[in-house]
Amino acid sequence: MKIIDLRSDTVTRPCPAMRAAMAVAEVGDDVYGEDPTVNRLEALAAGMLGTEAALFVTSGTQSNLLAIMTHCGRGDEYIAGQTAHCYRFEGGGAAVLGGVQPQPVDVEPDGTLDLVKVAAAIKPNDPHFARTRLLCLENTQAGRVLPLDYLARARTLARERGLALHLDGARLFNAAVALDVEAREITDHFESVSVCLSKGLGAPVGSLLCGSRGFVAEARRWRKVLGGGMRQAGVLAAAGIVALTENVARLAEDHANARRLAEGLAAVGGLDGDSVSVQTNMVFLSLPPDHAEALATFLCDRGVLISGRERIRLVTHRDVTSADIDRVVGACGEFFRRP
Ligand SMILES: *Cc1c(COP(=O)(O)O)cnc(C)c1O
C-alpha cells in the first residue's frame, strides 16, 4: 500500500531528474566561491526573483536568521507575526544567536499583519526601547496568499518608518502560481527574500536568501560564522536548479489537489473543509483534540499520515496524486460514518 504523507510538503523525495543532475554536478569549494553549480543556482534564483544576488543556504531557518542578523544588530528589533515561522518556529534563533529582539504582532485571518498594529509596535527613538529595524512578512502564510496591494502598502509603511522589509517566502512560488504572476511581482517590494527549495519544489535540501549584492555579501559572512559554509555543495545545488526550472508551474497541481481534498472532505460531512479558503496547497480542519487523534490513528492504519492536534493541517505536494486524494477522502468518510 502506498503511504500518502500529508504532514508537510517537506517530505517530497528528489525525483529521478534531480538525482541524475546531482550525480553529474560539477563542483568546487563554495566557501572559496568556486562551485560552478552553486554559482549557477544563485544566479538563476536572483534572476527569477529580480534581485542582484542570492545565497544558497542549508535551510529556511538559517536563511531567515541570516536575513535578521544582516538587517539588524545587537539590541535591534524585528516585527513579525505571532505565528510567523521566523518568530515562533525557529527556536528563538534571532535572540539566541543575533541578540535581536522579536516584536510579535497578531496575524489577521487573511494572513496579513494589520499595518496600523505594525506602525503602533514601532518603537520611538529612546534608550528605553530596542531599535525597530525590520518588518518580516510571510507568503504564503499558513497556505494563504498575501494580496499584492497589501505588499505595496507594507512597502510604503516600511519606507516611511525607515524599516527594512524581509519576506519569508518559504512557499513564495505557491503564492506566485496562485496569483498567476511572476515571482518578482511579489519580491520587488522587499529588500530580502528567503525561498525554500526543499518543500513543494521537491529538492532534498536547501533554501535561497536573495537581496542586493551588499546584503548578500554580509549574509555570506554570517553564514560562515554560523557554520553554514558548505564545500562541494554543487551536488545539492544541482537538485535546486531542477527544482526552480522544472517544478514551479506544477505547483498548480498541488493547489488543485488541495481544493479537491477540501471539497471531498466537505462532502463526506463531519468536517469543515472550507474549500473557499483553500488558496494553495494546505487544507486546515478544526476538530476536538480527542477526535483529531482518533482520526490520525484511523488514517495511519490506512496508510495516510497527518499531523496537528486541534487544527489539522493537510498539505498536498508532488508525491500525492488526485487518486491519492480520493483515497484520503474515502477513508475520512469511513471515519465519520462510524457508529
Ligand atoms: C518551512 C518553513 C521555513 C524554514 O524551514 P526549514 O525547515 O528550516 O527549511 C521558514 N518559513 C516558513 C514559513 C516555512 O514554512
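Two strands pair if DSSP finds at least two bridges between them; strands (E, at least two residues) and helices (H or I, at least four) are DSSP runs numbered from the N terminus. The model is predicted, so that local features need pLDDT of at least 70 and side-chain atom pairs pLDDT 80 or more, while totals for chains, interfaces and linings use all residues. Residues are numbered from 1 along each chain as its sequence is written, and side-chain values use heavy atoms, without hydrogens or water.

**Exercise 1. Describe the open sheet and one of its pairings.**

Step 1. Seven strands form the sheet, with mixed pairing, in the order S2-S8-S7-S6-S5-S3-S4.

Step 2. Strand S2 (53-57) and strand S4 (101-105) each have a single partner strand, so these edge strands leave one side without a neighbour in the sheet. From one strand to the next, the twist averages 20°.

Step 3. Strand S3 (residues 76-81) runs parallel to S4 and is joined to it by five bridges. Ala-80 has Pro-104 as its bridge partner in S4.

Step 4. Helix H2 (residues 36-49) lies across S2, strand S7 (192-196) and strand S8 (207-211), at about 125° to S2. Axes are lines fitted to C-alpha atoms, for helices over the stretch in contact, and angles run from 0 to 180 degrees between N-to-C directions.

**Exercise 2. Relate the two domains to the largest pocket.**

Step 1. The chain is divided into domain 1 (14-246) and domain 2 (250-336), with bounds from an automatic or database domain assignment. Their C-alpha centres lie 29 Å apart. Domain 1 gives 15 residues to the contact and domain 2 gives 11, where contact means heavy atoms within 4.5 Å.

Step 2. The largest pocket holds about 590 Å³ of space. A pocket is an open set of points on a 1 Å grid over the protein atoms alone, where a 1.4 Å probe fits, with protein on both sides within 12 Å along at least five of seven lines; lining residues have an atom within 4 Å of a point.

Step 3. Of the 19 lining residues, Thr-83, His-85, Phe-89, Ala-142 and Arg-313 are the closest to the centre of the largest pocket. Both domains give residues to the lining, so the largest pocket lies between them.

**Exercise 3. Locate the backbone exceptions between S5 and H7.**

Step 1. Most residues other than glycine have a negative phi, and most peptide bonds are trans.

Step 2. The peptide bond from Asn-139 to Thr-140 is cis, with omega near 0°. Thr-140 lies in the loop between strand S5 (131-138) and helix H7 (148-161).

Step 3. Ala-142, also placed in the loop between S5 and H7, has a positive phi of about 45°.

Conventions. Points joined across faces, edges and corners; volume = space filled by probe spheres on them.
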